[in-house]
There are 2 protein chains.
Amino acid sequence: MSDKVRIALDAMGGDHGPAVVVAGAELARQRHPACEFLFFGNASQIAPLVDARPKLKAVSQTVHTDIAVRMEDKPSQALRSGRWKSSMWLAIDAVKKGDADMAVSAGNTGALMAMSKFDLKTLPGIERPAIAALWPTLRGESIVLDVGATIGADAEHLVDLAVMGAATARILFGLPRPSVGLLNIGVEEAKGLEPVREAGRILREEDLPGLDYRGFVEGDDIGRGKVDVVVTEGFAGNIALKTAEGTARQLAEYLKGAMSSSLSARVGYLFARAAFARLRERMDPRRANGGVFLGLNGIVIKSHGGADAEGFAAAIELGHGVVCDELLAKIRAALEHFHNLPQQAVRGAAS
Amino acid sequence: MSDKVRIALDAMGGDHGPAVVVAGAELARQRHPACEFLFFGNASQIAPLVDARPKLKAVSQTVHTDIAVRMEDKPSQALRSGRWKSSMWLAIDAVKKGDADMAVSAGNTGALMAMSKFDLKTLPGIERPAIAALWPTLRGESIVLDVGATIGADAEHLVDLAVMGAATARILFGLPRPSVGLLNIGVEEAKGLEPVREAGRILREEDLPGLDYRGFVEGDDIGRGKVDVVVTEGFAGNIALKTAEGTARQLAEYLKGAMSSSLSARVGYLFARAAFARLRERMDPRRANGGVFLGLNGIVIKSHGGADAEGFAAAIELGHGVVCDELLAKIRAALEHFHNLPQQAVRGAAS
């Protein structure tokens with residue numbers, strides 16, 4: 001891989017379409033000048049936006065398509081009507097063909113996952129991919145997965161998530177042996193869903209290399225940064241992620257209200273405004289925008305549908321980091337190790 | 001019911017035992033002087049704490065038992081070893097016998113639910129009880145249920161939760177027809193778990209009286225206060241609740257850090273300290289402590305295991321409000337209505 005990172009963008013995805021995608025690409029380009037961009041979507045909408053940014057234009061190409069996946073499409077519908085030709089498909093397919101190192105879309109998550117799986121295929125031994133989110137914590141950042149790729153999980157899938165999440169943490173955080181916890185509704189062994197308890201047993205007994213299994217964690221342990229990698233199935237993970245974002249927005253509103261509630265509070269705000277600016281930045285859910293699809297033969301990043309340009313740029317930059325660090329090759333090696341364990345142990349455990 | 005509210009307390013529950021329970025009772029007594037308390041637990045630990053508070057002592061009795069349910073006990077173990085005699089059981093049984101109007105415990109949630117169900121029995125038509133939490137939002141407060149009583153839910157159980165949650169919202173918030181949403185990982189009809197989609201269909205088609213069904217909501221809609229009642233099964237609900245609490249604590253830490261980051265920030269803090277005090281109060285997860293067990297023939301309140309005296313008092317006060325408003329009779333009436341609907345419709349729907 002050269003230093004140049006080639007990025008395929010679904011320009012029609014998300015609530016705001018090309019306006020946010022092109023503006024986000026420009027922000028990412030300013031911060032990572034070695035990027036090149038491939039925009040897929042309606043050329044007549046994309047062209048004026050790119051033309052208005054000459055430096056971006058110099059490193060971009062646009063591939064026209066009229067077809068866009070809609071937010072309300074079921075994955076199966078999207079696959080039927082959008083395969084081979086939609087902007088989302090073409091962005092993913094650019095990764096498959098080797099025309100791009102990664103793809104980013106703010107479109108329909110289910111469709112993006114279905115198309116990515118169909119086109120890129122999963123890594124050996126992985127049946128169901130996952131979305132990993134970077135979660136800001138009191139100790140730095142953690143990886144939480146799965147935050148919505150698939151619903152429900154058996155014990156072996158949860159162990160796969162632990163292995164993939166730990167590989168990602170080793171790379172993104174530079175940790176030799178990241179700590180891993182299973183999200184549950186109590187830390188006692190007896191509590192929670194059967195697959196979660198069973199996955200806990202496998203992780204404890206197998207003692208996999210490159211990860212330090214710490215047992216169950218609860219919802220409030222995520223923000224505390226108790227472990228580097230939090231493993232959960234996609235329904236609960238998505239709800240945890242969105243609830244945390246909602247709470248952050250809610251408290252930012254409270255803070256705004258408090259700081260304008262009286263004259264002395266407003267004076268206080270003036271004195272403290274540099275501190276508030278830093279605080280606002282830390283509380284900004286846009287900074288953490290972007291989920292990495294794990295378990296596929298290629299790198300696909302999902303941005304929030306509602307992301308603005310800053311948020312979309314964060315998603316691009318997340319992918320950029322993952323590409324530069326050769327995440328994929330490292331995950332493949334870690335999974336090979338787990339799946340080559342004596343099958344007796346794993347199968348006996350999961351049955 | 002007289003104006004006097006008689007409260008049974010499991011004095012041995014929670015991380016701090018009698019010290020927090022007795023101190024919390026005293027705080028609740030100061031705010032609601034018509035309360036009477038029954039403490040169940042180790043009398044030699046409870047007596048000095050009560051003796052030190054003469055006004056509390058005047059309205060309290062203690063029933064001694066050596067047996068306490070441990071936090072790590074499975075519900076079935078707790079039931080085997082703690083039935084008839086543990087402090088938790090005796091507090092619940094006081095409600096059954098009519099010696100108390102409500103019971104509060106900060107002990108093991110699973111054990112409390114199992115014992116409550118075994119002793120008080122569920123309301124007609126309800127198989128699985130639920131825990132409802134009061135959730136502070138940007139628009140006031142919402143009720144979220146189930147936050148951890150039972151794991152997994154079929155469509156009919158989710159509809160029961162909607163009916164019970166709406167009855168609770170009518171009483172606690174004084175709303176004639178509270179809005180209700182089903183927690184899901186997307187607002188589109190096609191998304192999410194099958195039982196959630198099916199429950200959505202029933203709620204839409206039955207158009208139950210006393211509740212205004214608004215469709216699916218996502219995690220970030222909770223704090224926004226998009227609906228008065230958020231319905232979910234207990235695993236995801238518990239994770240949402242704890243994640244929100246963790247995020248609130250995390251942001252409070254960020255705020256503290258920001259306000260001491262520079263001299264001018266510290267000066268600003270001095271000017272704004274009254275506003276900060278109000279903000280701290282709004283962000284305080286203790287204020288929302290206490291889950292109401294719904295679906296039982298009696299009122300049981302679960303406090304957080306880690307609650308301090310202020311938190312435990314909040315749990316008592318929540319129960320106090322529920323008792324004064326005769327929640328139970330109202331829920332029973334609402335459920336009767338739903339379960340007396342033409343069974344064809346409901347069964348056909350849920351099968």
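**Group meeting: Asp212(A), Glu233(A) and the two-chain contact**

Okay, starting with one residue: leaving aside neighbours within four places in sequence, Asp212(A) is in contact with Arg177(A), Pro178(A), Ser179(A) and Val180(A). Contact here is a backbone criterion: two residues count if their C-beta atoms, placed from the backbone, lie within 7 Å.

Quick housekeeping. This is a predicted model, where local features need pLDDT of at least 70, side-chain atom pairs count only at pLDDT 80 or more, and totals for chains, interfaces and linings use all residues. Residues are numbered from 1 along each chain as its sequence is written, while chains are lettered from A and ligands numbered from 1 in the order in which they are written.

Back to Asp212(A). This residue sits in strand S8 (residues 212–217) of chain A; helices (H or I, at least four residues) and strands (E, at least two) are DSSP runs numbered from the N terminus. Asp212(A) has 18 C-beta neighbours inside 10 Å and therefore counts as partly exposed. The scale is this: 20 or more other C-beta atoms within 10 Å of a residue's own, placed from the backbone, is buried, 12 or fewer is exposed, and in between is partly exposed. Between the C-alpha atoms of Asp212(A) and Ala132(A), 80 residues apart along the chain, there are 18 Å.

In the loop between helix H8 (194–206) and S8 of chain A we find Asp207(A). Phi there is near 50°, a positive value in a residue other than glycine. Asp207(A) is exposed, because just 9 C-beta neighbours fall inside 10 Å. Over in chain B, Lys121(B) is another non-glycine with a positive phi, about 65°. Lys121(B) belongs to the loop between helix H6 (109–120) and strand S5 (130–137) of chain B, and with 15 other C-beta atoms within 10 Å it is partly exposed.

Next, Glu233(A): buried or exposed? Buried, with 28 other C-beta atoms within 10 Å. Glu233(A) is in the loop between strand S9 (229–231) and helix H10 (234–259) of chain A. Not counting residues up to four places away in sequence, Glu233(A) touches Asp146(A), Ile151(A), Gly152(A) and Ala153(A). Go 18 residues along the chain to Leu251(A), and the C-alpha separation is 27 Å.

One of those partners deserves a look: the peptide bond from Leu145(A) to Asp146(A) is cis, with omega near 0°. Asp146(A) lies in the loop between strand S6 (140–145) and helix H7 (155–173) of chain A. In chain B, a cis peptide bond joins Leu145(B) and Asp146(B), with omega about 0°.

Zooming out to chain A as a whole. Its secondary structure comes to 15 helices and eleven strands. The C-alpha trace spans about 60 × 60 × 40 Å along its principal axes. A compact globule of 351 residues would have a radius of gyration near 20 Å, and chain A agrees at 21 Å; that radius is taken over C-alpha atoms, and the globule rule is 2.2 Å times the number of residues to the power 0.38. Buried residues account for 60% of the 351. Of the contacts between residues at least 6 apart in sequence, 73% join residues at least 24 apart.

For a buried helix, take H5 (residues 87–97) of chain A: nine of its eleven residues are buried, so the rest of the structure largely encloses it. Among them are Trp89(A), Ile92(A) and Asp93(A). Just after H5(A), Gly98(A) takes a positive phi of about 85°.

Finally, the two chains together. A rotation of 180° with 0.0 Å of shift along its axis superposes chain B on chain A, RMSD 0.0 Å, using least squares on C-alpha atoms of residues with pLDDT of at least 70 in both copies. The copies are thus related as by a two-fold rotation axis. In chain B, the C-alpha nearest that axis belongs to Gly268(B), at 1.9 Å.

The contact takes 58 residues from chain A and 57 from chain B. On the chain B side, H10(B) gives the largest share, 21 residues. And 100% of the interface residues of chain B are also interface residues in chain A, so the copies meet through the same surface.

Which way do the two H11 helices run relative to each other? Their axes (residues 263–271 in each chain) come within 7 Å and cross at roughly 175°, with axes being lines fitted to C-alpha atoms over the stretch in contact, and angles running from 0 to 180 degrees between N-to-C directions. H11(A) and H11(B) are therefore roughly antiparallel; the bins are under 35 degrees for roughly parallel, over 145 for roughly antiparallel, 65 to 115 for roughly perpendicular, and oblique for the rest.
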